[in-house]
Amino acid sequence: MTAGRLAVRRGVPAAALACALLTACGGGEAAPETAPSAPAGVGTVTTASDGVQEVTLQTQDDYVFTPAEFTVEPGRVRLTVDNVAEELTHNFRFTPDTGPASIAEEIDLLAPGQRETIEFDVTATGDYPFECSFHIRLGQVGTMTVTGG
Ligand SMILES: [Cu+2]
């Protein structure tokens, strides 16, 4: 038997090529950098070489934790809050009398440009609300969820 017939399809649409070129050339406008975007890794829970879960939250010149929600497993957590704001001072604490257990560690004051890290252990699963107590009325709150193992 002969080999299968050679199917030659011709005619890659020229439009596709034009699109690719346009996309490549599309940039050019430099958007003003008013708000720094969250760097890669912010909000991602990773496990450090010492086995501790690590997560970084960011605060800005607004009343938002970036991200406002993250999930960890029971164990030790190393939480960093990075305040990239130029004007606003924030803080971080787990909202008193909420959540399955209290977490006393907190960051009292985080001036613009500062970052600070706290470490604590979690065992009880559930949702742990946290807040910036300065701006809680402006909605600067979030939730850490501890999942079942
Ligand atoms: Cu705040």
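**Exercise 1. Find the loop that holds Pro67, then look at the peptide bond before this residue.**

Step 1: Pro67 sits in the loop between strand S3 (65-66) and strand S4 (69-72). Strands here are DSSP runs of E with at least two residues, helices are runs of H or I with at least four, and both are numbered from the N terminus.

Step 2: Thr66 and Pro67 are joined by a cis peptide bond, with omega about -5 degrees. Most peptide bonds are trans.

A word on the model: it is predicted, so local features need pLDDT of at least 70 and side-chain atom pairs count only at pLDDT 80 or more, while totals for chains, interfaces and linings use all residues. Residues are numbered from 1 along each chain as its sequence is written.

**Exercise 2. Describe the backbone and surroundings of Asp97.**

Step 1: Asp97 lies in the loop between S6 and strand S7 (106-110).

Step 2: Its phi is positive, near 60 degrees, and Asp97 is not a glycine.

Step 3: Count neighbours: Asp97 has 7 other C-beta atoms within 10 Å and is therefore exposed (12 or fewer such atoms; buried means 20 or more, partly exposed in between, with C-beta atoms placed from the backbone).

**Exercise 3. Characterise the largest nonpolar core.**

Step 1: A nonpolar core joins buried Ala, Val, Leu, Ile, Met, Phe, Trp, Tyr and Cys residues through C-beta atoms within 7 Å.

Step 2: The largest one has 16 residues, and Phe92, Tyr128, Phe130 and Met144 have the most contacts inside it. Contact means C-beta atoms, placed from the backbone, within 7 Å.

Step 3: S5 gives the most to this core, with 3 residues.
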